[in-house]
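Student: I'd like a close look at one part of this model, with enough of the surroundings to make sense of it. Could you walk me through it in one go?

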Amino acid sequence: MIRLIGLQPTYMPRESLEFEYRVSNINQSMISAIEASVVWLTEGKGTEDLGVHSFQRLTGNALSAADWTVPQRVVVPLPDSPLSYEGKLLKISWCVRVRFYLNDGTELVAQQPFYLGTITKEV
Amino acid sequence: MSGWWFVGSLGEALFFASFFLVGVVCFTTIVGWQFLSPSTQVVRIGYGFWLLTTVSAACIVLGAVGFWYRVLKVATSDEHREIISQRGIVPRPKQLGSKSILPPSVPPLTPFTDSPGAKLAFRLPCEWKGTGALVAYGLFAMFWNAMMAVFCVFAIGGVLKGDIQYRLFALLIPGIYIGLRSGQLFLKSYIQAIGIGSTTLEIEDLPLIPGQKYKLLLVQYGRLVIKKLSIRLVCEEESTYHFGTDIRTEHQIVRQQIILDQGRFRIDWGRPLELECEISIPADAMHSFQSLHNAIHWKIIVEGEANRWPSYCRNFPVVVYPLARTSQLKQPS
């Protein structure tokens, strides 16, 4: 589960995006790696492009040292661009994406979209 | 994509792995034999040896790169792969100086600011789409006519010796016609390109910032009577995608505003037309954007219709920065 710490899912450039994530109903020992990232991606007629603004991978000691009884909090300063955009041929959207890799090879993905800027989304 | 993606990826990885193995076996056999038992060697050092060595080395490199690319595609997430590609094999040094203030995914400003204007700050570069066609017409006309000239020399030489080659003459007639037509086409395109005269556009400041106004100066050279001239500010989306085995690019104008619409007037040599106007970037405008397959371009388009000339269109790309970056750029250093 991902939760954005904010009253609304719209952030301005250079603001800090604060979010927390946690995994429930899964034993901590079953998790082999976690990747938390803040990404933008294009959708629409063209081939999809992906840009990674922030990427954090937890494995081994860093993973076992974390206290999973409380949600993991991450703070990421946001960039100036690209701003969220909804055009005719393409759409630029931002999201927080967390991937959990389990020991049995299963991969769980959770995603929480948000807007950067107010070009196509009024606050 | 159809079928089970895992089987496809596995097949690709196995293909490149076998390529790699074949390369290694060939390379070690050729090179090892050469050094360990020169007396029984089959391929002596020479063109054949170097050719086989190069092909084997190419197989090794191609197989290794292809195999690891496929493995990474299966074993890592999209985000992780993107981070690996950003960092590269050798970590990139951090950007310093002016480059560090470039906003992410926005085209660089350098190609637009390296040419100062005569009256305003910058002269914008012109993007003319007819250049490729003009060069292609010219090259075709040149090579075709050169070939026809050689054939003509043979044909005339034969006539002078009293040996008239009727088949060659039969081929020369359509060949010369194609040569003349291609030359005519090239000359027509060339005259159209230079006849109307160049168009320059100067702008007060760059990058453009939403909500701001900028002065523009249009200078039209040449000797002609212009029936109509217009300047438009255009925002255009561009998307590139695969369609079967083709790669297609689609353009869509999403926003445009007419900056100037001028009626009939005359231009003479040495007295170019100069028009001043102002553009206003909408406050809610999307900034310029460039990624691998998608882009948002801003450009100023000058379109004209002249007497006895075909209508012309010249594009001057500009860069619009996001609003947040503006405050930093405008702060005194």
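Student: How many residues does the contact take from chain B, and how many from chain A?

Tutor: Keep in mind from the start that this is a predicted model. The contact draws on 29 residues of chain B and 30 residues of chain A. On the chain B side, four elements each give at least two residues to the surface touching chain A: α3 (78–87), β4 (224–243), β5 (246–262) and α7 (323–330). Sorted by type, the residues on that side of chain B come out as 11 nonpolar, 11 polar and 7 charged. For the model as a whole, the scores are ipTM 0.88 and pTM 0.76.

Confidence along chain B is worth a look before you lean on any one of those elements. The chain's average pLDDT is 84, and 91% of its residues score at least 70. The lowest mean belongs to α7(B), at 57, while strand β8 (residues 289–290) of chain B has the highest, at 94. So α7(B) is one of the elements supplying at least two residues to the contact, and its mean of 57 is where confidence in chain B is lowest. Where pLDDT is low, the predicted coordinates shouldn't be read in detail. Another stretch to treat that way is residues 95–99 of chain B, where pLDDT stays under 50. For those residues the model has 1 contact beyond four places in sequence.

Now put the contact in the setting of chain B. The chain is split into domain 1 (5–87), domain 2 (110–124 + 199–330) and domain 3 (131–195). Put those bounds beside the contact elements: α3 (78–87) falls in domain 1, whereas β4 (224–243), β5 (246–262) and α7 (323–330) fall in domain 2. Between the C-alpha centres of domain 1 of chain B and domain 3 of chain B there are 48 Å. Chain B has 7 helices and 10 strands. Its radius of gyration is 30 Å, well over the 20 Å that the globule rule gives for 333 residues, so chain B is more spread out than a compact globule. The C-alpha trace of chain B spans about 85 × 80 × 45 Å along its principal axes, and 21% of the 333 residues are buried. As for how the chain B fold is wired, take contacts between residues at least 6 apart in sequence: 71% of them join residues at least 24 apart.

Domain 3 of chain B starts at residue 131, and helix α5 (residues 131–160) of chain B starts there too. That helix has 30 residues and reaches 43 Å from its first C-alpha to its last, close to the 44 Å expected at 1.5 Å a residue. α5(B) is hardly covered, with 2 buried residues among its 30. After α5(B) comes Gly162(B), with a positive phi near 85 degrees.

The partner, chain A, has 1 helix and 9 strands, and its order along the sequence is β-β-β-β-β-α-β-β-β-β. Its C-alpha trace spans about 45 × 30 × 20 Å along the principal axes. Of its 123 residues, 30% count as buried, and among contacts between residues at least 6 apart in sequence, 64% join residues at least 24 apart. Chain A averages a pLDDT of 87, with 94% of the residues scoring at least 70. Among its elements, strand β1 (residues 2–4) of chain A has the lowest mean, 72, and β7(A) the highest, 93.

A few backbone details round this off. Most residues other than glycine have a negative phi, and most peptide bonds are trans. Against that, Ser81(A) and Pro82(A) are joined by a cis peptide bond with omega of about -5 degrees, and Pro82(A) sits in the loop between β6 (72–77) and β7 (85–86) of chain A. Chain B has a cis bond from Leu206(B) to Pro207(B), omega near 0 degrees, with Pro207(B) in the loop between β2 (199–203) and β3 (213–220) of chain B.

Two non-glycine residues have a positive phi of about 65 degrees: Asn25(A) and Ser105(B). Asn25(A) is in the loop between β3 (16–21) and β4 (31–44) of chain A, and it counts as exposed because it has 4 C-beta neighbours inside 10 Å. Ser105(B), in the loop between α3 and α4 (110–113) of chain B, has 24 C-beta neighbours inside 10 Å and so counts as buried.

Notes. Residues numbered from 1 in each chain as written. Chains lettered and ligands numbered in written order. Predicted model: local features only at pLDDT ≥ 70, side-chain atom pairs only at ≥ 80, totals over all residues. Contact = placed C-beta atoms within 7 Å. Nonpolar A, V, L, I, M, F, W, Y, C, P; charged D, E, K, R; others polar. Domains from an automatic or database assignment. Rg over C-alpha atoms; globule rule 2.2 N^0.38 Å. Buried ≥ 20, exposed ≤ 12 C-beta atoms within 10 Å, placed from the backbone. pLDDT = per-residue confidence, 0-100. Expected span 1.5 Å × (residues − 1).
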